[in-house]
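Biologist: I'd like a close look at a single part of this model, the place where charged side chains pair up. Could you walk me through it slowly, as you would for someone new to this?

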Amino acid sequence: NLPELLAKVRTGRSQLARRGGWKFTRGEIKLHYDFYQIGLISRLELIRNLSIRIGIRLLPQIMLKQFYKMNRKFFS
């Protein structure tokens, strides 16, 4: 990760729909498990990453929108 902001991107409601739900979550679980299997992350990192991400991905869209909004303010 780079410390400086390289691009500002605007998003719409369709992005929230694409970044949540069980289908997206299952794909993310598989991706992180593959990272673990090939040695890119440790078991602890796998558990930490998935415990954070699964909770966020399964939030209702209105809560997910607020989460991203708070995140933008915090990291800007």
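Modeller: Sure! Keep in mind that this is a predicted model. It holds three salt bridges. As a bit of background, side chains of opposite charge can pair when their charged atoms come close.

Let's start with Arg53, which forms a salt bridge with Glu28; their closest N and O atoms are 2.8 Å apart. Arg53 sits in helix H3 (residues 43-57) and Glu28 in helix H2 (residues 21-37), so this pair ties together parts that are 25 residues apart in sequence. How open are these two? Arg53 is partly exposed, at a relative accessible area of 32%, while Glu28 counts as buried, with 10% relative accessibility, because the cut-off for buried is under 20%.

Now stay with Glu28, since its side chain also meets that of Arg57 in a salt bridge, at 2.9 Å from N to O. Again the pair links distant parts of the chain: Glu28 is in helix H2 and Arg57 in helix H3, 29 residues apart. Arg57 is buried too, its relative accessible area being 10%.

The remaining pair is Lys30 with Asp34, whose closest N and O atoms are 2.9 Å apart. Both belong to helix H2, and because they are four residues apart there, about one helical turn separates them. Lys30 counts as exposed, with 52% relative accessibility, and Asp34 is partly exposed, at 31% relative accessible area. Put the bridges that share partners together, and Glu28, Arg53 and Arg57 join into one network.

Let's zoom out to the two helices that this network connects. Two packed helices are described by the angle between their axes and the distance between the axes. Here, H2 and H3 pack at an angle of about 170°, and their axes are 10 Å apart. Angles over 145 degrees count as roughly antiparallel, so that is how H2 and H3 lie to each other.

Which residues meet where H2 and H3 touch? On the H2 side you'll find Gly21, Phe24, Thr25, Glu28, Ile29, His32, Tyr33 and Tyr36. Facing them from H3 are Arg43, Leu46, Asn49, Leu50, Arg53, Ile54 and Arg57. Sorted by class, this contact has seven nonpolar, four polar and four charged residues. Look for our network in that list: Glu28 is there on the H2 side, with Arg53 and Arg57 on the H3 side.

Technical notes. Residues numbered from 1 in each chain as written. Predicted model: local features only at pLDDT ≥ 70, side-chain atom pairs only at ≥ 80, totals over all residues. Heavy atoms only, no water. Salt bridge = Lys/Arg side-chain N within 4 Å of Asp/Glu carboxyl O. Helix = DSSP H or I, 4+ residues; strand = E, 2+ residues; numbered from the N terminus. Buried < 20%, exposed > 50% of the residue type's maximum accessible area, 1.4 Å probe, protein only. Axes fitted to C-alpha atoms, helices over the stretch in contact; angles between N-to-C directions. Parallel < 35°, antiparallel > 145°, perpendicular 65-115°, else oblique. Contact = heavy atoms within 4.5 Å. Nonpolar A, V, L, I, M, F, W, Y, C, P; charged D, E, K, R; others polar.
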